[in-house]
Amino acid sequence: MGYLKQIEVENFKSWRGKQVIGPFMRFNCIIGTNGSGKSNVMDALSFAMGERTASLRVRHLRDLVHGAHIGRPVSDTARVSLHYCDDEEQETVFCRSVSGQYNGVRFPCLLHALEKIGIVTKARNCLVFQGAVESIALKDPKERTKMFEIICQSKEYAEKYDKMKEA
Ligand code: ATP
Ligand code: MG
């Protein structure tokens with residue numbers, strides 16, 4: 001199982017210029033006072049994994065640029081790079097910029113690359129946003145089971161399993 005080694009941000013939300021967040025361990029805890037940028041770390045992560053504007057707490061992607069929230073963006077682009085390490089400490093970088101590039105590849109290629117390392121962005125197996133814990137807890141058991149089946153990708157084996165049970 002790989003892990004996220006560090007995040008590099010450039011003019012993204014509260015970070016001006018190029019900055020490195022990390023290095024991270026396999027388990028991490030982010031603490032800080034209100035408004036210090038904890039959720040911005042999650043926004044950076046989800047942005048690099050292809051998230052659209054609503055979950056990033058902005059109306060337009062260009063509002064992600066440092067200073068844009070007060071109408072004074074410092075640049076016309078913001079960039080986030082995720083440095084992912086596999087078990088052999090081999091590094092893969094996933095990069096996205098506000099100007100619309102994902103590592104220079106198209107969006108479906110990014111999703112495919114993420115799925116190869118076990119991250120299914122649609123299934124939300126990586127990010128639980130503020131307030132989402134409550135909504136997951138309030139789901140009815142069937143809905144919650146369905147969600148976990150998507151996350152652990154067991155759903156694709158369900159048909160095969162049912163057939164084997166019948167045989
Ligand atoms: P809480 O504990 O209240 O949830 P938090 O630590 O999660 O707070 P964030 O929401 O991550 O805080 O960060 C809020 C800060 O980010 C605010 O100070 C805000 O001014 C700053 N911020 C948001 N967007 C931008 C931007 N485009 N440019 C510069 N700063 C920004
Ligand atoms: Mg927050």
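## Exercises on a predicted protein chain

Of the 167 residues of the protein chain in this predicted model, 15% count as buried.

**Exercise 1.** State how many helices and strands the protein chain has, and give their order from the N terminus.

*Solution.* Begin with the count: the secondary structure comprises five helices and four strands. Then follow the chain from the N terminus, where the elements run β-β-α-β-β-α-α-α-α.

**Exercise 2.** Give the box filled by the C-alpha atoms and the share of contacts formed by residues 24 or more positions apart.

*Solution.* Along the principal axes, the C-alpha atoms fill a box of roughly 65 × 40 × 30 Å. Next, take the contacts with a separation of 6 or more; residues 24 or more positions apart account for 48% of these.

**Exercise 3.** Determine which strands pair with E3, and in what sense.

*Solution.* First, locate strand E1 at residues 3–10 and strand E3 at residues 79–85. These two strands pair in the antiparallel sense over seven bridges. Secondly, turn to strand E4, residues 91–97, which is joined to E3 by seven bridges and also runs antiparallel to E3.

**Exercise 4.** Identify the residues that stand opposite His-83 of E3.

*Solution.* On the side of the pairing with E1, Gln-6 stands opposite His-83. In E4, the residue opposite His-83 is Val-93.

**Exercise 5.** Describe the connection between E3 and E4.

*Solution.* The two strands form a hairpin, with five residues between them. Within the turn, examine Glu-89: its phi is positive, at about 60°.

Methods. Residues are numbered from 1 along each chain as its sequence is written. Chains are lettered from A and ligands numbered from 1 in the order in which they are written. This is a predicted model: local features need pLDDT of at least 70, side-chain atom pairs count only at pLDDT 80 or more; totals for chains, interfaces and linings use all residues. A residue is buried if 20 or more other C-beta atoms lie within 10 Å of its own, exposed if 12 or fewer, and partly exposed in between; C-beta atoms are placed from the backbone. Two residues are in contact if their C-beta atoms, placed from the backbone, lie within 7 Å. Two strands pair if DSSP finds at least two bridges between them.
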